[in-house]
Amino acid sequence: MKKIYNLLFLLTALMTYSSCTSEVDDVFDKSSSERIEETMSNTNAILKANTKGWIMKYYANTMYGGYNVYCKFNQDKTVTVASEIYGDGKEYSSHYKFEQSQGAILSFDEYNPIFHFFSEPANSAGVGDAGKGMLGDFEFRIQSASNDSIVMLGKKHNSKIVMIPMAENSWSDYYNKIVDIENNMNAQKYALNIDGVTLKGTRSFNELVFTDPETNADIEMPIIVTPTGYELYKPIEYKGKTIVGFTYSEDGLWKCTSDNSVVLAILPLADTFVDSAWYVAMSNMSKLGTPYFNYANKGATAIGEQIYLAVFGQYAITSGSLFGLSFKSYYGGSLYSGGYNFSYKKVSDDEITLEYKGTAIGDGSWYATNAKYDYMVFPFGYSGTPRTFKLTTDDKKNPSYIIMTDESDENNVIKLLASPVYFPFTK
């Protein structure tokens with residue numbers, strides 16, 4: 001009897017499912033295949049109707065951020081492509097097609113060196129892991145299509161891709177606008193100011209990464225450069241604020257597009273100084289500092305070694321990291337590292353006070369005793385004798401050097417470089 005009840009229950013369920021399925025099918029006047037075909041035809045017509053072309057906001061793996069790709073869809077089933085990666089004056093045409101594959105697919109099915117830069121396993125710029133590249137797509141599922149925008153998803157990696165009609169007269173006009181924005185807003189270090197709290201951040205490719213000062217967690221913001229500023233891949237929620245992008249202004253305070261209380265700016269020079277590694281060269285020491293560095297150099301020679309690197313700022317060695325003066329010493333094909341800890345006090349955006357704390361890490365103590373390496377700290381500020389420096393540079397957004405001028409001693413001027421200087425006592 002129990003088996004009969006089970007069979008009756010199953011039969012009833014199947015009859016109910018069958019009737020429901022019929023009702024769902026009745027909602028559509030056309031089959032799914034017909035609807036997909038209509039989507040493809042409609043999207044193709046919209047793309048070709050815009051004779052100025054489209055700007056594709058292209059995202060591969062979002063860790064690289066977004067890039068502007070110009071696409072003009074021609075009547076002969078080809079698409080003419082340019083991009084900010086290749087710059088102005090370079091365009092390539094290749095075939096494209098629409099096809100059905102679990103929906104409507106736009107496929108750039110013929111190799112195009114500009115477009116396929118993002119999906120190649122090894123692109124010409126060497127960006128991305130070997131065999132993977134930037135993890136971009138060249139086939140896209142159509143999500144929506146109108147005269148105002150085409151929204152798609154990468155078929156393989158699922159990144160959101162949006163195409164908008166180009167408002168400018170030519171790709172050259174559009175490209176020049178985004179280059180101007182890039183030149184004015186691109187920097188090594190940023191400050192994100194939210195209700196009196198400052199988050200420090202850096203830029204890698206087209207992604208901003210800020211550090212939450214409370215949790216020390218990274219806040220990742222993939223961006224694309226537009227003619228008016230930075231636009232985020234997707235809105236970011238932080239402290240009750242919704243961040244969607246930043247609008248460029250000449251005052252250097254770039255307000256959030258959706259909330260003017262959120263401001264992006266270049267990190268002040270004093271902060272850039274303490275957050276980075278700066279390389280010392282003997283030739284860049286002034287009258288006061290030269291004798292102290294000579295002591296260290298003679299100490300290295302006495303034990304048969306050479307100082308391979310001398311660095312001031314934030315620097316990591318095998319036994320840890322510190323803010324202060326770090327070194328690597330070369331002997332017999334091996335490098336030995338250490339450092340001397342400093343404290344600092346920010347006086348203004350371009351002034352800082354430094355003082356040696358009297359402590360060392362790594363092999364710092366050994367080299368202080370046996371080779372006088374600790375003499376190098378004196379020009380920067382000895383224990384009990386802090387020094388305040390005025391900081392200047394060639395470019396606050398992307399400094400190649402910082403000049404430290406001792407405000408109490410005109411004979412103490414130190415030029416530090418952003419790029420490594422190997423064997424600095426021979427330079």
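In what order do the 8 strands of the open sheet stand? I looked this up before anything else, and read β15-β14-β13-β12-β11-β10-β17-β16, with antiparallel pairing. I took helices (H or I, at least four residues) and strands (E, at least two) as DSSP runs, numbered from the N terminus. Two strands count as paired if DSSP finds at least two bridges between them.

A note to self on the source: this is a predicted model, where local features need pLDDT of at least 70 and side-chain atom pairs count only at pLDDT 80 or more, while totals for chains, interfaces and linings use all residues. Residues are numbered from 1 along each chain as its sequence is written, and side-chain values use heavy atoms, with hydrogens and water left out.

**Entry 1: edges of the 8-strand sheet**

I checked the ends next. β15 (241-247) and β16 (254-255) are the edge strands, and each has a single partner strand, so one side of each is left without a neighbour in the sheet. β16 meets β17 (residues 262-266) in the antiparallel sense over 2 bridges. There I found Lys255 bridged to Val263 in β17.

**Entry 2: the sheet of 9 strands**

I then traced an open sheet of 9 strands, again antiparallel in its pairing, in the order β4-β3-β2-β1-β9-β8-β7-β6-β5. Its edges are β4 (92-95) and β5 (97-100), which each pair on one side only. From one strand to the next the twist averages 35°; axes are lines fitted to C-alpha atoms, for helices over the stretch in contact, and angles run from 0 to 180 degrees between N-to-C directions.

At the β4 end, I saw β3 (residues 78-83) pair with β4 over 4 bridges, antiparallel. Val79 stands opposite Ser94 in β4.

Further along, β6 and β7 share 3 bridges in the antiparallel sense, and Ser107 has Glu139 in β7 as its bridge partner. β7 pairs with β8 over 5 bridges, also antiparallel, and Arg141 is bridged to Leu153 in β8. I noted that β7 and β8 form a hairpin with 4 residues between them.

**Entry 3: helices on the sheets**

Which strands does helix α2 lie across? I listed β1 (54-59), β2 (66-73), β5, β6 (104-107), β7 (139-145), β8 (150-154) and β9 (160-165) for α2 (residues 32-49), which runs at about 165° to β5. Contact here means heavy atoms within 4.5 Å.

Helix α3 (residues 171-185) packs on the sheet as well, touching β1, β2 and β3, with its direction at about 170° to that of β2. I also found α3 lying across strands including β10 (189-194), β13 (218-226) and β17, at about 140° to β13.
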